[in-house]
Amino acid sequence: MSSLPVSVLNLVPVREGQGPREAIQSAVELAQAVEKLGYARYWIAEHHNTPTLASTATVVLIQHVLERTSTIRVGSGGVMLPNHSPLIVAEQFGTLAVLYPGRVDLGLGRAPGTDMKTADAIRRNRHEAVYTFPDEVQDLLRYFGPPEVQSDVKAYPAVGTGVPLYILGSTTDSAEIAAYLGLPYAFASHFAPEQTEAAIRIYRNRFRPSQYLEKPYMIVCLNVVAAETDEEARYELSTAIRFFLNTVRGRSQLLQPPVKEEEIGMTPLERAALEARMSMMLIGGRETVKKRLAGFLERYEADEIMAVTYIFDPGKQIRSYELFKEAAEAVLR
């Protein structure tokens, strides 16, 4: 690689003092900023029944961002396929591909992206979805394919658009599916770091070349908090720590301003859970992030790094992505 592609994952968090409208506007402004910085793609993740996130209607937000940017690829990180009919997904993303040619990605996940009661309310059979996922991915590949591979049911205007599919995952099961189908793979190291090494190894070792991809393509998603100094990055990190603790504590606290870490207060079990979750996080000033990224790339075979950054101040969040881009460019010089 002459350069390391870097991308952004955004869950569209709602900051304290904001509502969903302001959170969506912040997401657009971030997309516009990273486009200017030369980021490869900007993905939005589907979540439901989560008041701290404004990314429920993922395809609507993707269109909103596409309309307000001009070059960066925009897509789903991902669409949770158990929640949706493949035909409807193909129609939606095919329409986006017609409106914004060459700029649309479709990342696909096997989980519902929510709790089980909400999954039931979405009204698709989530129990069968785990087993039908590979077949439904094949359906999507056909819907986006040329006219000669179509069946009686066609997903107009998706036919012939060739929207690229990415398999998302946080377990080795998803690695096997991506390898078997010969599709690019995006792994969620930002919340499942312990599975990273095994998932990458399985994907690369078992990859079967396909008409869509000749050799493996591995995207790894990492938590990143970069600032002018290591000390400032640690301070800004407290926002992410408090946001992560929502999951551990079963709370729904909006994204909070930074505080000194000792002010957060954690039990030993909470700290252990947090340290496990953040074991692969890139934190620090530009040089520190560069060294940690270089160490990560030396150990793991990643073709692209996707960064997710929780920082309360939108300007400092954009600056973090700027510093991370500079660090990534310096790694391969």
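How many residues does helix H8 have, and how far does helix H8 reach from its first C-alpha to its last? The close-ups below, all taken from a predicted model, start with that helix.

**View 1. Helix H8 from end to end.** Spanning residues 230–249, H8 has 20 residues and reaches 28 Å from its first C-alpha to its last. That reach is close to the 28 Å expected at 1.5 Å a residue. Look along the helix for Ser-238, where H8 bends by about 25 degrees. Just after the helix comes Gly-250, with a positive phi near 70 degrees.

**View 2. The buried residues of H8 and their partners.** Ser-238, the site of the bend, is also one of the buried residues of H8. Others on that list include Ala-233, Glu-236, Leu-237, Phe-243, Phe-244 and Asn-246. Packed against the buried residues of H8 are two strands, E7 (218–226) and E8 (282–284), and two helices, H9 (268–277) and H11 (314–331).

**View 3. His-190 in its loop.** Here we move to the loop between strand E6 (185–187) and helix H7 (196–206), where His-190 is found. His-190 counts as buried because its relative accessibility is 12%, and buried means under 20%. Leaving aside neighbours within four places in sequence, His-190 is in contact with Leu-9, Cys-221, Leu-222, Asn-223, Arg-277 and Val-308.

**View 4. Ile-88 in helix H3.** Helix H3 (residues 86–99) holds Ile-88, which is partly exposed, with a relative accessible area of 40%. If you bring Ser-170 into the frame as well, the C-alpha atoms of Ile-88 and Ser-170 are 25 Å apart in space, while the two residues are 82 residues apart in sequence.

Technical notes: Residues numbered from 1 in each chain as written. Predicted model: local features only at pLDDT ≥ 70, side-chain atom pairs only at ≥ 80, totals over all residues. Heavy atoms only, no water. Helix = DSSP H or I, 4+ residues; strand = E, 2+ residues; numbered from the N terminus. Expected span 1.5 Å × (residues − 1). Bend = angle between axes of the 7 residues up to and from the residue. Buried < 20%, exposed > 50% of the residue type's maximum accessible area, 1.4 Å probe, protein only. Contact = heavy atoms within 4.5 Å.
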